[in-house]
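Welcome! Have a look at the model below, then try the exercises at your own pace.

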Amino acid sequence: MVLTPGTAAKRTTMREVAALAGVSLKTVSRVINNESGVAQATSQRVTKAIDVLRYVPDTTAARLARGDHETQTIALLIASVDDPFSASLFRGVEEVAHTRQVAVFAASTGGDPEVETRLVHAFASRNVDGLIITPTAQDHRMLADFLAPHMPCVYIDRQPAGISGDLVTSDNRQAGRDATQHLIDYGHRRIGLITDLQSISTAVDRELGYRDALAGAGIEIDEQLITHGAETEALGEAAATFLMGLDDPPTALFAARNMASIGAIRVLRRLGKLTSVALVGMDRIELSDLIEPPLTVVTQDPVEMGRLATTHLFGRLDGDDSPPERVLVPTRLEARGSGEIRR
C-alpha cells in the first residue's frame, strides 16, 4: 500500500513511517531520538517519511518506554491574561522552555484563590513536570503539601503566603524607594501613595520603600496620604480622587502599579493638574508616552523574570535540592517628564 498525506483518519504510527522509509521500527526510533548508528542516507529517508506522513511522535509512549515520568510540559499560572506584565512573564517562560523542547500550559487565576487551587489540581492531575505560579493572596501551605510529592514549583512576582519557596521577583522595595526619592529630589514633601492590596507582597514591599525614602529624608509620614486596594483602573482613579480632594492635597503621587497609574492620570487630567502635580508610575502602560508630559515610570523586567523562573525550575527538575532561593531582579527608573515636575 502506498501511503499519502491525509489518507489516514487516525494518528499516523511509527510503523507506517518505517514502512514508507523501508526501515525497521528501531531505526525510526533512533532517528527520532537523535541516536547514533544510523547512516545519513537512511536518516534522510526516515525524515522524509515523517514529513510526508506528518508524523508526530507520541511523547507519552516514549517516556513509558524509557521508564521515566517526564512529560516535557510545565504549567504557568498568571494573575490575568489582560495584564501586559503577565503576558511578558509568559514570553520569558516560553523562551527558556523552547530551548528544552518543553511545552508550556498557561492559565490565569484572576486573583481568585479557588480558581488557583482548581488549576493547580488540574495541572498536577495531568502530570506536568513543574509549575510556575504568580500566587494569589491565600495561604499556600495546603497547595505546597499537595505539590511537594509530585512536582517542583517556582513562584514568580509575588511571595507565597505561609510558606518558603523558590521565588523570582523584582526588587520592589528598592523600586518604591527610588520612585519616592525621585519625587523628593524635585522638592516634594507631600507625596501620595496609591498601591495594591496589603495582602500582596509586592504592594507591601513598594510601600516599605516609600516609607524608607521619606524617613531617610527626614519627612514625617502622613498616613492619610497612603491608599490601598487599587487593583483596577477604577479603584486607582478613586484613590487619586480621594488624595487630590484632601484639604492639604499631595503635590506628587507615586502610583505603585500600572492600573493605578492609569487612574491617577485620568484624575489629574480631569482636574487640569497633569502639568502641576508630579506623578511616578510603576511599569510601562500603553500610550503613556503620548500624554503630556510623558509618564515617568519605574520599570520591571518581566521577561527576564520569566526566564529566570523557568531556568530555576529546570534546575530543580535536573536534581538541584538546595534550600529555597529568593532571586531579586533590579528595576529601573525612566524619567520622562511627569515625575520631574517641581513642587
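Two short exercises follow, each with a worked solution.

This is a predicted model, in which local features need pLDDT of at least 70, side-chain atom pairs count only at pLDDT 80 or more, and totals for chains, interfaces and linings use all residues. Residues are numbered from 1 along each chain as its sequence is written, and side-chain values use heavy atoms, with hydrogens and water left out.

**Exercise 1.** Work out where T73 is placed and whether T73 counts as buried or exposed.

*Solution.*
- Step 1: Find T73 in strand β1, residues 73-78 (strands are DSSP runs of E with at least two residues, helices are runs of H or I with at least four, and both are numbered from the N terminus).
- Step 2: The relative accessibility of T73 is 10%. Buried means under 20% relative accessible area, exposed over 50% and partly exposed in between, with a 1.4 Å probe and protein chains only, so T73 counts as buried.

**Exercise 2.** Find the aromatic pair in the structure and describe how its rings are arranged.

*Solution.*
- Step 1: Searching the whole structure gives one aromatic pair (rings of Phe, Tyr and Trp, the last by its six-membered ring, pair if their centres lie within 6.5 Å; planes under 30 degrees apart are stacked, over 60 edge-to-face, the rest tilted).
- Step 2: F105 and F123 have ring centres 6.5 Å apart and planes at 5°, so the pair is stacked.
- Step 3: F105 belongs to strand β2 (residues 103-108) and F123 to helix α6 (residues 113-125), so the pair ties together parts 18 residues apart in sequence.
- Step 4: F105 is partly exposed at 39% relative accessible area, whereas F123 is buried at 10%.
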